[in-house]
Amino acid sequence: MRNLWENTSRERENFSEPLKSQTTDLLIVGGGFTGCSAALEAARQGAKVTLLECENIGFGGSGRNVGLVNAGLWLPPKKIISILGKKHGEKLISALGSAPDLVFSIIEENKIKCDPKRNGTLHCAHSEKGMEYLIERLRQGKLFEEPLTLFDKTETENKVGSSKFIGSLHDSRAGTIQPLAYCRGLARKAKELGANIYEKSRVSQVKKQNGMWQVNVQDIVINSKYLFLAMNAYEDLNKANNKGKFSTVYYSQFATRPLNSNEMSTILPGKEGCWDTAKIMSSFRVDDAGRLILGTMGNSEGFGKYVHTNWANKKLKDLFPFLPEIEFNFRWSGKIAMTKDHIPKIVNFEENALSCFGYSGRGIAPGTLFGKRCAAALLSENLSMLPVSAVRHYKEAFTREKSTFFEMAAVANNSLMSFKM
Ligand SMILES: Cc1cc2nc3c(=O)[nH]c(=O)nc-3n(C[C@H](O)[C@H](O)[C@H](O)COP(=O)(O)OP(=O)(O)OC[C@H]3O[C@@H](n4cnc5c(N)ncnc54)[C@H](O)[C@@H]3O)c2cc1C
């Protein structure tokens, strides 16, 4: 089945110009939020910039995600500070706290047709323990003046249209978008400002020669002073490198037909994007046409396909039992790049080169911010403007085993949950 976002994107710029050998200031590999935001920033600054994408703009996580434009990371502020220390932790918390402002202002300024809704998100407590977590999350957020509001069971039921949750935490900085359209819109605007963007251009090799980066796409060579790798979980270059090694986890989504006004009357009247506090989390939201979109961890195109699809059918009934039997018209999945500590990484693997990855499931606002700052830092040769300090290399052990374990856990959980629902 298909990806909903490909079907409904109103941004459809063509990037099919044939690639030619060229010399540029900044060469970007990867056409997701990170790469496209970097291209937009470089073009805005008047630099010569070339972006190479091996498939199509938004092919990776950027064109497959839920579309929740969240503030901050999954990790609560205290945890970020315990990992990065006070100075660097507070710098990242502050940068990511305002990252949704950056996303929504780019959308507005550049008239990106991606159905932005800035009505906040609801983190929904699936259990008493989940509610305790939200109360603690609220307490920590208040220390950083985050605009969070805790709702009780009745308030949550009124907001969500489901009686399944004990409470919820609303973050008014957040919102929802059509993610593929946003990514394509970033690329479209970068192109309008002069960026050279090429699809179907797989980079097979990067090397440094006489102080310049040399990048190969088959027999075509691009020379560049600066290099930015923005491939995240979809990296298809050289696995045995020091530019980043991390594990991946799949996330799947299922979308219904547009619900009619009767069916929709109590479901998410405020159009907030939602996710829950379960360890194997799930998400739900509606799109502009009124389709319900459910998401869960796991690969709906892999061996657990039937388990995850069965989960989605049961979950729809469980959340909204008053709905009639509704089939899913769209089903798709994508890979998330997870770092061990869930903090995104920037690797300065050689002079004038950065690689950025590991948003651990929060990449719309962070990817936009990190891409923009990486481009600016490379062009000005000033790495102090990066939201996290760059490291020289980054390599985790047992990444393949961990990725397999995540999928097994998602299959086991969704089988069990389907049985219980
Ligand atoms: C199913 C799912 C749901 C998610 N939901 C959310 C959400 O609601 N909110 C949120 O904030 N985040 C979410 N995320 C995370 C977010 O989507 C990602 O963090 C983000 O898209 C990463 O963007 P990126 O540009 O770094 O990478 P990507 O979008 O993955 O882009 C990398 C690109 O590099 C290209 N590439 C790879 N190798 C080469 C090569 N050799 N040559 C040329 N090109 C190459 C790939 O084709 C790909 O298009 C979700 C992720 C998934 C998968």
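**Exercise 1.** Determine how many salt bridges are counted between domain 1 and domain 3, and characterise the interface around them.

*Solution.* The count between domain 1 and domain 3 is 1 salt bridge, where a salt bridge is a side-chain nitrogen of Lys or Arg within 4 Å of a carboxyl oxygen of Asp or Glu. The side chains of K117 and D288 meet in a salt bridge, at 2.6 Å from N to O. The model is predicted, with local features needing pLDDT of at least 70 and side-chain atom pairs counting only at pLDDT 80 or more, while totals for chains, interfaces and linings use all residues. Residues are numbered from 1 along each chain as its sequence is written, and side-chain values use heavy atoms, with hydrogens and water left out.

Next, take the extent of the interface: 32 residues of domain 1 are in contact with 30 residues of domain 3, contact meaning heavy atoms within 4.5 Å. The area buried between domain 1 and domain 3 is about 2,700 Å², of which carbon and sulfur atoms give 59%; buried area is the accessible area (1.4 Å probe) that two parts lose on being put together, summed over both.

**Exercise 2.** Establish where Q178 is found and whether Q178 is buried or exposed.

*Solution.* Begin with the location, which is the loop between β7 (175-176) and α8 (179-192); helices (H or I, at least four residues) and strands (E, at least two) are DSSP runs, numbered from the N terminus. Q178 counts as buried because its relative accessibility is 3%, buried meaning under 20% relative accessible area (1.4 Å probe, protein chains only). Finally, among the residues that Q178 touches, not counting those up to four places away in sequence, are W5 and C114.

Conventions
Buried < 20%, exposed > 50% of the residue type's maximum accessible area, 1.4 Å probe, protein only.
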